[in-house]
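User: Could you walk me through reading this model, one feature at a time?

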Amino acid sequence: MPEEGLRAFSAQVPPELAARGVTVEMTCAARGGGALGSIYEGSIADAFCLEAGATAEADGCAAVCVNSMSDSGVAALRSRLSIPVVGAAQPTYALAAQLGRRFSILSMWDRWRWLYDKVLAENGLAGRLASVRSIGVRPDTSELLAGKEDSVFPLLLEAAQRAIEEDGADVLILGSTTMHQSHRYLAEHLPVPVLNPGLVGLMTCDMLLNQGLSHSKRAYPKPDLIMDGVVLGA
């Protein structure tokens with residue numbers, strides 16, 4: 001992830017968190033799986049996200065949020081850590097299921113379909129999916145959607161309207177955290193809730209901390225053997 005992308009993600013962090021003394025540290029895995037256009041790339045991303053977050057608790061972090069609709073490494077990090085670990089996809093799908101009967105995902109790229117199906121199936125929410133509407137534009141992990149407002153935003157709006165009118169969606173979800181720059185535009189032009197998954201994941205972390213909650217270690221038992229550093233050969 002280039003520095004430009006990190007700055008773009010950081011810009012959406014609500015200022016009220018800082019006002020309450022909450023520090024959000026944006027960091028990246030040492031390496032990754034490209035644009036996650038395949039299951040192979042997703043497996044690589046799982047390993048490197050696990051590596052990136054494995055020592056977060058020892059480093060003094062209060063929670064970990066994986067800023068991706070792949071929820072890469074989330075389950076493994078919950079096993080490794082006691083502090084809350086949240087992805088972007090799982091809490092967004094759960095919130096969408098509360099806000100409407102059926103939801104649609106607005107996607108940039110057809111090749112992301114596998115990761116939506118994976119997380120929805122893992123969480124038993126596949127039946128609430130109305131559709132996935134893709135505009136067929138390969139993602140840009142550097143500039144994200146900056147400078148593409150005139151070309152990409154209308155395509156996303158058209159896909160969203162078809163999801164509502166033709167597919168019966170009551171709620172819409174941005175299909176990638178890299179699409180967050182389109183959220184305000186879509187929310188202002190559509191008659192249904194539009195969810196920004198990166199922000200939903202971050203605020204879910206905040207809610208869990210405020211409630212003093214974390215994941216069940218019965219569901220995510222602690223490993224018998226800790227092997228941090230094995231991915232990078234440390």
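**Helix α3**

Analyst: In α3, the buried residues (under 20% relative accessible area with a 1.4 Å probe, protein chains only; exposed is over 50%, partly exposed in between) are E41, G42, A45, F48, E51 and G53. This is a predicted model, where local features need pLDDT of at least 70, side-chain atom pairs count only at pLDDT 80 or more, and totals for chains, interfaces and linings use all residues. Residues are numbered from 1 along each chain as its sequence is written, and side-chain values use heavy atoms, with hydrogens and water left out.

User: How should I read a spacing pattern in a helix, and what covers the buried residues of α3?

Analyst: An α-helix has 3.6 residues a turn, so residues three or four places apart point the same way. The cover over the buried residues of α3 includes α4 (74-80) and α6. Helices here are DSSP runs of H or I with at least four residues, strands are E runs with at least two, and both are numbered from the N terminus.

User: What span should helix α3 have?

Analyst: The expected span is 1.5 Å times one less than the number of residues. For the 15 residues of α3 (residues 39-53) that gives 21 Å, and the end C-alpha atoms are 21 Å apart, which agrees.

User: Which residues touch the most other members of the largest nonpolar core?

Analyst: The general idea is that in soluble globular proteins, nonpolar side chains tend to be buried together. A nonpolar core is a set of buried Ala, Val, Leu, Ile, Met, Phe, Trp, Tyr and Cys residues joined through side-chain atoms within 4.5 Å. The largest one has 43 residues, and Y93, F103, I105, L172, I173, L186 and L190 touch the most other members. The largest share, seven residues, comes from α7. A second, separate core has eight residues, including V74, L77, I83 and V85.

User: Is T23 buried or exposed?

Analyst: T23 is exposed, with a relative accessible area of 73%. It sits in the loop between α2 (15-19) and α3. The C-alpha atoms of T23 and E158 are separated by 37 Å, though the two residues are 135 apart along the chain.

User: Which elements supply at least two residues each to the largest core?

Analyst: Returning to that core of 43 residues, the suppliers are α5 (89-99), β3 (103-107), α6 (113-122), β4 (129-134), α7 (149-165), β5 (171-174) and β6 (194-195).

Note on methods: Contact means heavy atoms within 4.5 Å.
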